[in-house]
Amino acid sequence: MKITQLTCYSAKGLLYIKLDTDEGISGFGECSPMQIETTLQIIRNVVKPQVIGMSPFDGELIEERVMAKHYKISGQLLAMAYSGVEIACWDIRAKAANQPLYNLLGGKYRQEVPLYGSSMSRDLTYEQEAQKLREGIDKFQFKAVKIKVGPRMGTGLPVNLQNDVEKVRTVREAIGPDVKLMIDGNSSYTYIQAVQLYDRIKQYDLYHYEEPCPYYDIEAYVKLASNLPVPIHIGEQDWNLYTFRDFIARGACHMYAADPIKCGGLSNAKRAAALCRAFGIHYIPHNTTRGIGFAAALHLAASTPECNGYYEYSIEKENIREQFIQDSLKVSDGYIQVPEGPGLGVEIDVEKMEKLLQVTK
């Protein structure tokens, strides 16, 4: 079997990959939608020439030709561009075997995955944020939720810890004591600011403290994980096996979150999971897409014992991806079932994608 065509389908906030083969089997993948136009150029100029003519079963060789051969431009953008292709290759392999993808990744360790409702907003009032989460809990029966705190890295906005304290307090009062509460700083704080914030909100019973400091500051995370009595969650920006190793082996986190549509695909995610097993920490795949990438991450969670925590589920209402999946992924009582069909287990509406999305070959 040989890959004969690579097609990209894109729109604002979405980048899907389709691989065709000479045996009539097609596979789908998803790339993180950050800097889509740049990612498309990398796919066209770097990834595609290495993939056409290859067997989709030659995963290690394809990865070497894309990632190692082009080490001079290595980084997250190259990893994101490759991620969609790598996932599409797995989809093809599983379809060729007429098996759900989880059977190729290690077998079905779990059938359903617990979810937490994840709010992406930073522009709502505290009351609006609390109401939004309350609606999500009532609709999906989430047992856990997550909110954003801080100004987000790179905005240039000042840190206001009192605002963050008030937001956490308002949300905790609205959701009650039984729903688990997580916060995500998106690299907002210095080490001492992260400590100060935790000290002021610890009475609100945090389930995890995600990416409070710049994501690359391993020294800050070693200190946080050692000194704060709350699980530290990090890893969604990481794509390099050696970064995985250093954060996990040095005790810089309690939960690791390599994202299959950012980190170079499912094989690299499984490597992160193996490191988590070796050092006794949880692996929580990061993914907020509710589309093809979400389906891929569910198969990863289904087949990986270390994925034993709550899985992120975006509660944002405008989600373009779901309209292209013909058999939507349903949430029930705070859980989602792992897809059972061949490959990713979801039917993709290619005709609709060709009508509504930009098509690049």
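Let's start with Lys355. Its partner in a salt bridge is Glu351, and the closest N and O atoms are 3.6 Å apart. Keep in mind that this is a predicted model. Where do Lys355 and Glu351 sit? Both are in helix α11, residues 350–356. They are 4 residues apart, so about one helical turn separates them. Now check the surface. Lys355 is exposed, at 65% relative accessible area. Glu351 is exposed too, at 53%. The cut-off for exposed is over 50%, so both residues pass.

Next pair: Asp138 and Arg134. They form a salt bridge, with the closest N and O atoms 3.2 Å apart. Again we are inside one helix, α4, residues 126–140. Again the spacing is 4 residues, about one turn of the helix. Are these two buried, exposed or in between? Asp138 has a relative accessible area of 48%, so it counts as partly exposed. Arg134 has 26%, so it is partly exposed as well. Partly exposed covers the range between under 20% and over 50%.

Now a third pair, Lys148 and Asp184. Their side chains meet in a salt bridge at 3.0 Å, N to O. This one links distant parts of the chain. Lys148 is in strand β5, residues 144–148. Asp184 is in strand β6, residues 180–184. That puts them 36 residues apart. Buried or exposed? Lys148 has 6% relative accessibility, so it counts as buried. Asp184 has 1%, so it counts as buried too.

There is a wider picture here. Which residues are linked in a network of salt bridges? Lys146, Lys148, Asp184, Glu210 and Glu312 are. Across the whole structure, a search finds 23 salt bridges. As a reminder, side chains of opposite charge can pair when their charged atoms come close.

On to the nonpolar cores. In soluble globular proteins, nonpolar side chains tend to be buried together. The largest core here has 89 residues. Which of them touch the most other members? Ile183, Leu197, Tyr209, Tyr256, Tyr283 and Met353 do. Helix α10, residues 292–303, gives this core its largest share, 9 residues.

Take Tyr283 as an example. Set aside its neighbours within four places in sequence. Among its remaining contacts are Tyr256, Ala257 and Ala258. Ala269, Ala272, Ala273 and Cys276 are also in contact with Tyr283. So are Leu300, Glu306, Cys307 and Asn308. Apart from this core lies another one, of 27 residues. Its members include Leu19, Leu40, Leu78 and Ala81.

Last topic: how helices pack. Look at helix α1, residues 36–51, and helix α3, residues 76–96. Their axes come within 9 Å and cross at roughly 60 degrees. That angle makes α1 oblique to α3. The crossing is right-handed. Who makes the contact? From α1 it is Thr38, Thr39, Ile42, Ile43, Val46, Val47 and Val51. From α3 it is Leu77, Leu78, Ala81, Tyr82 and Val85. You have met Leu78 and Ala81 already, in the core of 27 residues.

Now helix α8, residues 241–249, and helix α9, residues 266–279. Here the axes come within 10 Å and cross at roughly 20 degrees. Angles under 35 degrees count as roughly parallel, so α8 is roughly parallel to α9. This crossing is right-handed. On the α8 side we find Leu241, Phe244, Arg245, Ile248 and Ala249. They meet Asn268, Arg271, Ala272, Leu275, Cys276 and Phe279 of α9. Ala272 and Cys276 also appeared among the contacts of Tyr283.

Note on methods. Residues numbered from 1 in each chain as written. Predicted model: local features only at pLDDT ≥ 70, side-chain atom pairs only at ≥ 80, totals over all residues. Heavy atoms only, no water. Core = buried A, V, L, I, M, F, W, Y, C linked by side-chain atoms within 4.5 Å. Buried < 20%, exposed > 50% of the residue type's maximum accessible area, 1.4 Å probe, protein only. Helix = DSSP H or I, 4+ residues; strand = E, 2+ residues; numbered from the N terminus. Contact = heavy atoms within 4.5 Å. Salt bridge = Lys/Arg side-chain N within 4 Å of Asp/Glu carboxyl O. Axes fitted to C-alpha atoms, helices over the stretch in contact; angles between N-to-C directions. Parallel < 35°, antiparallel > 145°, perpendicular 65-115°, else oblique. Left-handed = near helix turned anticlockwise from the far one by under 90°.
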